[in-house]
Amino acid sequence: MVEVHSNIKKMKEYAKENNVPIMLDDGINFLTNFIIKHKIKNVLEIGTAIGYSAIMMALASPTVKITSIEKDHERYLEAVKNIKKFDLEDRITLIYNDALEIEFDNNFDLIFIDAAKGKDLAFFEKFSKNLESNGFIVTDNINFHGYVAKDEQEIKSKNLRSLVKKIKIYIEFLKNNQEFNTTFYEIGDGISVSSRN
Ligand code: SAM
């Protein structure tokens with residue numbers, strides 16, 4: 001137990017030192033409690049980074065299995081190392097690829113979108129066919145560090161403005177979706193939870 005805590009701490013320190021964005025503490029608490037509450041068994045995570053959220057999900061429930069995709073080679077290798085350290089290779093499967101290039105023929109009861117923020121909509125549209133009928137799609141960074149609530153004119157960087165525009169389009173897509181009902185939570189950096197009507 002002491003070793004688990006110290007390894008979690010080390011992972012968080014590595015993320016900070018190497019500028020790897022990982023979930024905020026209250027976001028990860030929400031996600032792990034969600035997994036326990038809804039008895040989630042099979043997760044697809046888009047955006048592994050160094051494996052932090054995948055490991056936290058696996059530690060939250062001894063029966064959950066996670067498939068996680070990462071396109072950055074260095075982060076993928078770090079995630080492989082971390083998962084080994086926690087002895088979770090049998091429950092966390094890592095895929096090194098661009099998520100938009102991957103096809104699954106199985107379903108998941110939770111799809112967690114936490115990758116390129118401008119591509120949330122593409123991930124949602126691509127993978128919703130792999131969601132169990134009673135499953136959930138959770139998306140992190142819906143507030144994008146407070147930028148989504150800002151007046152666009154206030155955002156000086158063109159790239160950032162375009163990214164924020166894409167997140168706003170995704171939020172509108174979720175709000176107007178006929179097939180899915182979405183709840184938005186002011187937790188961490190903003191989290192949405194979508195489930196089929
Ligand atoms: N879920 C991780 C956690 O909380 O520990 C953090 C993930 S980080 C916010 C997003 C990651 O998604 C980055 O490491 C990035 O390289 C990866 N990524 C971005 N676009 C991707 C794509 N199209 N396919 C796979 N991974 C992608």
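This passage walks through the fold, the cores and a handful of individual residues of a predicted model.

Taken from the N terminus, the chain runs α-α-β-α-β-α-β-β-α-β-α-β-β, which comes to 6 helices and 7 strands. The radius of gyration is 16 Å, close to the 16 Å that the globule rule gives for 197 residues, so the chain is as compact as a globular protein of that length. Along the principal axes, the C-alpha trace spans about 45 × 40 × 30 Å. Of the 197 residues, 47% count as buried. Contacts reach well along the sequence: among those between residues at least 6 apart, 66% join residues at least 24 apart.

On the outside, the chain exposes about 10500 Å², and carbon and sulfur atoms supply 49% of that area. As for charge, there are 27 positive and 30 negative charges, and their mean positions sit 2 Å apart.

Turning to the interior, the largest nonpolar core has 35 residues. Val-43, Ile-66, Ile-92 and Leu-110 are the residues with the most contacts inside this core. Quite a few elements chip in: helices α1 (2-17), α2, α3 (52-60) and α4 (73-85), along with strands β3 (92-96), β4 (108-113), β5 (131-140) and β7 (191-196), each supply at least two residues. Helix α3 gives the most to this core, with 6 residues. Separate from it is a second core, made of 25 residues, and this one includes Phe-124, Leu-131, Ile-167 and Leu-174.

Ile-92 gives a feel for how the largest core is put together. Setting aside neighbours within four places in sequence, Ile-92 is in contact with Ala-54, Ile-55, Ala-58, Ile-66 and Ile-83. Of these partners, Ile-66 is itself among the residues with the most contacts inside the core, while Ala-54, Ile-55 and Ala-58 are buried residues of α3.

Helix α3 deserves a closer look. Here 7 of the 9 residues are buried, so the helix is largely enclosed by the rest of the structure. The buried ones are Tyr-52, Ser-53, Ala-54, Ile-55, Met-56, Met-57 and Ala-58. Ser-53 counts as buried because its relative accessibility is 5%, under the 20% cut-off. Not counting residues up to four places away in sequence, Ser-53 touches Met-23, Ile-28, Glu-45 and Phe-112. Arg-196 is another matter: its C-alpha atom is separated from that of Ser-53 by 24 Å, with their positions 143 residues apart along the chain.

Another serine, Ser-133, sits in strand β5. With 60% relative accessibility, Ser-133 counts as exposed, although β5 does supply at least two residues of the largest core. The C-alpha atoms of Ser-133 and Leu-44 are separated by 15 Å, and the two residues are 89 apart along the chain.

Helix α2 (residues 25-37) brings a link to the far end of the sequence through Phe-30. This phenylalanine has 15% relative accessibility and so counts as buried. Leaving aside neighbours within four places in sequence, Phe-30 is in contact with Tyr-185, Ile-187, Ile-191 and Val-193. Two of those partners, Ile-191 and Val-193, fall within the span of β7 (191-196). Tyr-185 is 155 residues from Phe-30 in sequence, yet the C-alpha atoms of the pair are 9.7 Å apart in space.

Finally, two loop residues stand out for their backbone. Asn-19 is found in the loop between α1 and α2, and its phi is near 55 degrees, a positive value in a residue other than glycine. Asp-87 lies in the loop between α4 and β3; phi there is near 60 degrees, again positive in a residue other than glycine. Both count as exposed, Asn-19 at 65% relative accessibility and Asp-87 with a relative accessible area of 59%.

Definitions and conventions: Residues are numbered from 1 along each chain as its sequence is written. This is a predicted model: local features need pLDDT of at least 70, side-chain atom pairs count only at pLDDT 80 or more; totals for chains, interfaces and linings use all residues. Side-chain values use heavy atoms; hydrogens and water are left out. Helices (H or I, at least four residues) and strands (E, at least two) are DSSP runs, numbered from the N terminus. The radius of gyration is taken over C-alpha atoms; the globule rule is 2.2 Å times the number of residues to the power 0.38. Buried means under 20% relative accessible area, exposed over 50%, partly exposed in between (1.4 Å probe, protein chains only). Contact means heavy atoms within 4.5 Å. Accessible areas come from the Shrake-Rupley method with a 1.4 Å probe; for residues, only the protein chains shown count as cover. Lys and Arg count as positive and Asp and Glu as negative; His and the chain ends are not counted. The place of a charge is taken as NZ of Lys, CZ of Arg, CG of Asp or CD of Glu. A nonpolar core is a set of buried Ala, Val, Leu, Ile, Met, Phe, Trp, Tyr and Cys residues joined through side-chain atoms within 4.5 Å.
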